[in-house]
Amino acid sequence: MQDFIDRLPKAELHVHIEGTLEPELMLQLAERNAVGLRYSTVEEARAAYQFSDLRSFLNIYYEGARVLLREEDFHDLTWAYLLKARQNNVIHTEIFFDPQIHTERGVPFDTVLSGIRAALDAGRRELDITSHLLLCFLRHLSADAAMSTLEQALPHRDAILGVGLDGSEVGNPPSKFASVFERARKKGFLSVAHAGEEGPPDYIWQALDVLRVRRIDHGVRCLENRRLVERLRRDQVPLTVCPLSNVKLRVFDRIEDHNIGQLLEAGLCVSVNSDDPAYFGAYVNDNYRAVRDAHGLGRSEILRLARNSLVASFLDDTEKRRCLADLEASAAGAR
Ligand code: ADE
Ligand code: ZN
């Protein structure tokens, strides 16, 4: 069964590139760039990765990102993730980046983007992994700050497929960014948003009806509202669920308590993703294995999760059909 998960070609739709910064690379970059860190060993860093909620995680995640200064740093970070993605048989990935973490520290937007893009382009050529890049606005910062970040992205419309919303959710509803998402849409960007991770179902409604997003990131709190579940089911709005992230950030106490089984039973288009794998100690296949083991998922459910990851991706129809055919062939070969 382990082989089955490893072998299935899949897409990853919810991964923050800054959340893939492994402590080994963090320490290397700290030295290369002469940035002081409060950890001097990998073990010390890992030991500090204990979170009580999203906010406590974000503080550590922003702190780690301070070692990223130059274009090659962003390249090396992204390349390291792509190597992990290949090990996990990820054939297509849609990566979030948080430019405001960097521009606030004086790192130019173009430095961040060029480094990430160079690695993604090499990933396509050398690893056969296709990718899209999604720019996330930090929701605990102002709408004006998000709008000026969007302005910086406009000349790079060909390099950035869409926009998203991440950061500290509670108290920062999607509606705060209505005008930013409207402008992004008019400029041709697709959109997604984190909603219903820690925040209430109403934030998911707002993401759908005010921001008009194409996917919901997390969305696990949707089950608190029957009408919302019906809407998500009817429109097959994808939920990019990150099971082990939810446990690490205490959205659920244990993986056995996660509601992924109910989300699937409700007929929702759920996929499994890693979110911030370096901080949670788990890449995408670890997440598949965790939900399989804790929830007794069989091959057909695992296959459905992998299928959903491709269906919910922003690949064009031809690419999607090709990837889905590869998936079905791989699953049939494993029988
Ligand atoms: N940024 C990185 N990971 C995040 C998460 N799980 N929720 C919100 N913002 C994030
Ligand atoms: Zn996330």
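**View 1. Ala34, out in the open on a loop.** In this predicted model, Ala34 counts as exposed, because its relative accessibility is 71% and the bar for exposed is over 50%. Ala34 sits in the loop that runs between helix H2 (23–33) and H3. Its backbone is worth a look too: phi of Ala34 is near 55 degrees, a positive value, and this residue isn't a glycine.

**View 2. Arg46, partly out and partly in.** Move along to helix H3 (residues 42–48) and you'll find Arg46. Arg46 has a relative accessibility of 40%, so it counts as partly exposed. Skip the neighbours within four places in sequence, and the contacts of Arg46 are Glu22, Pro23 and Glu24. For a sense of scale, Gly64 is 18 residues away from Arg46 in sequence, and their C-alpha atoms are 12 Å apart.

**View 3. Leu77, tucked away in helix H5.** Helix H5 covers residues 71–87, and Leu77 is part of it. Is Leu77 buried or exposed? Its relative accessible area is 0%, so Leu77 is buried. Setting aside residues up to four places away in sequence, Leu77 touches Ile17, Glu18, Thr20, Leu21, Leu25 and Leu68. Gly19 is 58 residues from Leu77 along the chain, yet the C-alpha atoms of the two are 9.7 Å apart in space.

**View 4. The zinc site, with three histidines and an aspartate.** Which residues coordinate the zinc ion (ligand 2)? His14, His16 and His194 each use NE2, and Asp275 uses OD, with distances of 2.0 to 2.2 Å. Along the sequence, these donor residues follow the spacing H-x1-H-x177-H-x80-D. That brings distant parts of the chain together: His16 belongs to strand S1 (residues 10–16), while His194 belongs to strand S5 (residues 190–195), 178 residues apart. Both of these histidines are covered. His16 has a relative accessible area of 4%, so it is buried, and His194 is buried as well, at 5%.

**View 5. Angles around the zinc ion.** Stay with the zinc ion (ligand 2) and look at the angles between its four donor atoms, which run from 81 to 173 degrees. Why is this arrangement called irregular? A tetrahedral label needs all angles between 85 and 135 degrees, and the range of 81 to 173 degrees goes outside that, so tetrahedral is ruled out and the site ends up as irregular.

**View 6. Helix H10 under cover.** H10 is mostly covered, with seven of its nine residues buried. Those buried residues are Pro201, Tyr203, Ile204, Trp205, Gln206, Ala207 and Leu208. What lies over them includes S5, strand S6 (215–218) and H11. S5 is also the strand that holds the zinc ligand His194.

**View 7. H10 against H11.** Two packed helices are described by the angle between their axes and the distance between the axes. Here, helix H10 (residues 201–209) packs on helix H11 (residues 226–234) at an angle of about 35 degrees, and the axes are 10 Å apart. H10 brings Pro201, Ile204, Trp205, Leu208 and Asp209 to the contact, and H11 answers with Arg227, Leu228, Arg231 and Leu232. The crossing of H10 past H11 is left-handed.

**View 8. His218 and Asn246, a buried pair in contact.** His218 is found in strand S6, and Asn246 is in helix H12 (residues 243–248). With a relative accessible area of 0%, His218 is buried; Asn246 also counts as buried, at 0% relative accessibility. His218 has a phi near 75 degrees, a positive value in a residue other than glycine. Not counting neighbours within four places in sequence, Asn246 is in contact with Glu197, His218, Val220, Val241, Val251, Phe252 and His258.

**View 9. Helix H15 and the glycine that follows.** How well does the length of helix H15 (residues 284–295) fit expectation? At 1.5 Å a residue, its twelve residues should span 16 Å, and the end C-alpha atoms are 17 Å apart, which agrees. The buried residues in H15 include Val284, Asn285, Asn287 and Tyr288, along with Arg289, Ala290, Val291 and Arg292. Just after the helix comes Gly296, with a positive phi of about 60 degrees.

Notes:
Residues are numbered from 1 along each chain as its sequence is written. Chains are lettered from A and ligands numbered from 1 in the order in which they are written. This is a predicted model: local features need pLDDT of at least 70, side-chain atom pairs count only at pLDDT 80 or more; totals for chains, interfaces and linings use all residues. Side-chain values use heavy atoms; hydrogens and water are left out. Donors are N, O and S atoms within 2.8 Å of the metal (3.2 Å for Na, K and Ca); water is not among the atoms, so sites may look incomplete. Four donors count as tetrahedral if all angles lie between 85 and 135 degrees; four count as square planar and six as octahedral if opposite donors are over 155 degrees apart and all others between 65 and 115; anything else is irregular. Helices (H or I, at least four residues) and strands (E, at least two) are DSSP runs, numbered from the N terminus. Buried means under 20% relative accessible area, exposed over 50%, partly exposed in between (1.4 Å probe, protein chains only). The expected span of a helix is 1.5 Å times one less than its number of residues. Axes are lines fitted to C-alpha atoms, for helices over the stretch in contact, and angles run from 0 to 180 degrees between N-to-C directions. A crossing is left-handed if the near helix is turned anticlockwise from the far one by less than a right angle, and right-handed if clockwise. Contact means heavy atoms within 4.5 Å.
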